[in-house]
Amino acid sequence: MPAKPAPIKKSAKKAAPKEEKPAEPVPEASPAEAPPAEAAVAEPAPAAEAPAPEGPAEEAAPSTDAPAEAAPAEAAPVEEPPKAPTPPPPAVPTSAPQNLSVDNVNETSVTLKWRSPENIGSGLDGYTMEYCKEGSSEWVLANKELITSNRFVISGLTAGDLLNIRVVAVNAGGRSEPVALAQPVTVREIMDRPKIHLPRALRSRCIKHVGEQINLVIPFIGKPKPVISWTKDGQPLDTKKVNIRNSDKDSILFIRKSEREDSGSYEMTVKVDSFEDKANLIIQIVDLPGPPASVKLVDSWGFNAALEWTAPKDNGNTEITGYTIQKADKKTEEWFTVLEHFHRLNATVSDLVMGNTFTFRVFAENKVGRSETAAVTKDAAHIQKTGIVYKPLEYKEHDFSEAPKFTAPLSDRAATVGYTTKLLCAVRGSPKPKIEWFKNQMLIGDDPRYRQNNNQGVCSLEIRKPSSFDGGIYTCRAKNALGEATVACKLEVKQVIIPDEKDRK
């Protein structure tokens, strides 16, 4: 074992001169350089560690000539440690939340709302709510865990307390500046005066048929929760027939199957402390009317029958709008409607069949419909069968007798020798007049050179191939028992002049 320390001494002597060489540059290193400074700090560690594993202290004592036993450690090449990573910038808290305000207040809670901070900083983890009583400096944390919503309800408060409230934003950088309410909040119910909003359809009258279901929803407002009460015609409601369901915003009146007795004036009252509001609604349950009280046959004559009746005792809880009258023949006993929607209490039935016997009945009508039963006449109307003689009216015959009168006279004419011509005129008269033609006041008669015609009062005289001797005054005479009439014209027959050959040249 003693052989081992000897080599250690030799290595120490050899290392001593080597120690002087690196010792010189150490002071020359500038203090501004970071790596040498770190190496200087690291140097004592290897120097202290060198003798520990080598052996006991007695064998190391003869080497006192050396400046320090740490020289062997310095002789080894020193490696620079790796540079530490750049540390992240420090976390920054957010700016204060904005616009903190009270959303709602009641007897046990306060509801707050606010806006997020303008500057988020290193992010936003949530918010904390704190409050303290007026006159105290002790702030109480309202939420055990951070909240991310911008609305929070502080519950479990005592009515009447005056509280200062603030909200703080929290992130990795810590708490932000708090934002507080401008004024303390009193924990109490905010009172709103009660107001009933009666639907437009219920402001006049609610009409329902018997048996229909009634479900009326009446909205209202009021804080704190109002006290709702209902009455019918000034009396409390019968809960066996009418059900009332109340909520914070409306009241429901429900009747499963309505009856006539449910008609009336209903009053709803909404009360908050000393304030109240009332609304009246009228419910009318209507039904079919009853039949007319009585109907009787007043008189019958010819083909007619007169009836009278009285209004029904039960109008179905609404006004009577009319009546329906029907008739039935005893032979067929079938009912036929004579009058419908008739408004008066008396009527005359016409166009009854002669020789038959009729009975009549009357129904009452209202908005719901026609009565199920009718009032029937006790007496029957018998239409007598009597002989009928037709007497035609006497008309005075019109006398169409008239003396002859020319409606179209003869006109003067000029004719050419050898060319047939015709004279025309028109005459009327009753009885039919006799027509005669004259030439120069001489009766023409049946002369074959002339043709006479009379068609529906149009008289004509045709002169066949006249000569120059046929010219003159022609007269037409119409004559009957009442008189006569004449008309005349002048006929001129011209000779055709043929020019000579000399004149042509």
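# A tour from Gln441

Start by selecting Gln441, which sits in the loop between S30 and strand S31 (442-443). Helices (H or I, at least four residues) and strands (E, at least two) are DSSP runs, numbered from the N terminus. The phi angle of Gln441 is near 65 degrees, a positive value in a residue other than glycine. Gln441 is also exposed, at a relative accessible area of 71%. Exposed means over 50% relative accessible area, buried under 20%, and partly exposed in between (1.4 Å probe, protein chains only).

The model is predicted: local features need pLDDT of at least 70, side-chain atom pairs count only at pLDDT 80 or more, and totals for chains, interfaces and linings use all residues. Residues are numbered from 1 along each chain as its sequence is written, and side-chain values use heavy atoms, with hydrogens and water left out.

**The whole chain**

Zoom out and colour by pLDDT, the predictor's confidence in each residue, from 0 to 100. The average over the chain is 82, and 81% of the residues score at least 70. Now select residues 1-73, where pLDDT stays under 50. For this stretch the model has 20 contacts beyond four places in sequence; a contact means heavy atoms within 4.5 Å. Where pLDDT is low, the predicted coordinates should not be read in detail.

Switch to a cartoon view: the chain has eight helices and 35 strands. Of its 505 residues, 30% count as buried. Among contacts between residues at least 6 apart in sequence, 63% join residues at least 24 apart.

**Another positive phi, and two cis bonds**

Select Gln456, in the loop between strand S32 (450-455) and strand S33 (458-463). Gln456 is not a glycine, yet its phi is positive, about 55 degrees. It is exposed, with a relative accessible area of 76%.

Next, go to Ser430 and Pro431, which are joined by a cis peptide bond with omega near -5 degrees. Pro431 is in the loop between S29 and strand S30 (434-439). A second cis peptide bond joins Lys223 and Pro224, with omega about -10 degrees. Pro224 is in the loop between strand S12 (214-223) and strand S13 (227-232).

**Salt bridges**

Stay in that loop and select Lys225 together with Asp248: their side chains meet in a salt bridge (3.7 Å, N to O). Asp248 lies in the loop between strand S15 (243-246) and strand S16 (250-255) and Lys225 in the loop between S12 and S13, so the pair ties together parts that are 23 residues apart in sequence. A salt bridge is a side-chain nitrogen of Lys or Arg within 4 Å of a carboxyl oxygen of Asp or Glu. By this rule the count is 14.

Select Arg477 and Glu436 for a salt bridge of 2.2 Å, N to O. This pair links distant parts of the chain, with Arg477 in strand S34 (residues 472-480) and Glu436 in strand S30, 41 residues apart. Arg477 counts as partly exposed at 23% relative accessibility, while Glu436 counts as buried at 17%.

Then select Lys439 and Asp470, another salt bridge, whose closest N and O atoms are 3.9 Å apart. Here too the pair links distant parts of the chain: Lys439 is in strand S30 and Asp470 in the loop between S33 and S34, 31 residues apart. Add Asp447 and Arg449 to the selection to see a network of salt bridges linking them with Lys439 and Asp470. Asp470 is buried, at a relative accessible area of 2%.

**Around Val493**

Asp470 also touches Val493, a residue in strand S35 (residues 483-494). Other contacts of Val493 include Ala415, Thr416 and Pro466. Val493 counts as buried at 12% relative accessibility. How far apart in sequence are Val493 and Gly418? They are 75 residues apart, with 9.3 Å from C-alpha to C-alpha.

**Cysteines**

Show the cysteine sulfurs. How many disulfides does the structure hold? It holds zero, a disulfide being a pair of cysteine sulfur atoms within 2.5 Å. Cys425 is in no disulfide, and the nearest cysteine sulfur, that of Cys476, is 3.8 Å away. The sulfur of Cys459 has its closest cysteine sulfur in Cys425, at 4.6 Å, too far for a bond. Cys425 is buried, with a relative accessible area of 3%, and so is Cys459, at 0%.

**Last stop**

Finish at Tyr419, in the loop between strand S28 (413-416) and strand S29 (421-430). Tyr419 is exposed, with a relative accessible area of 57%.
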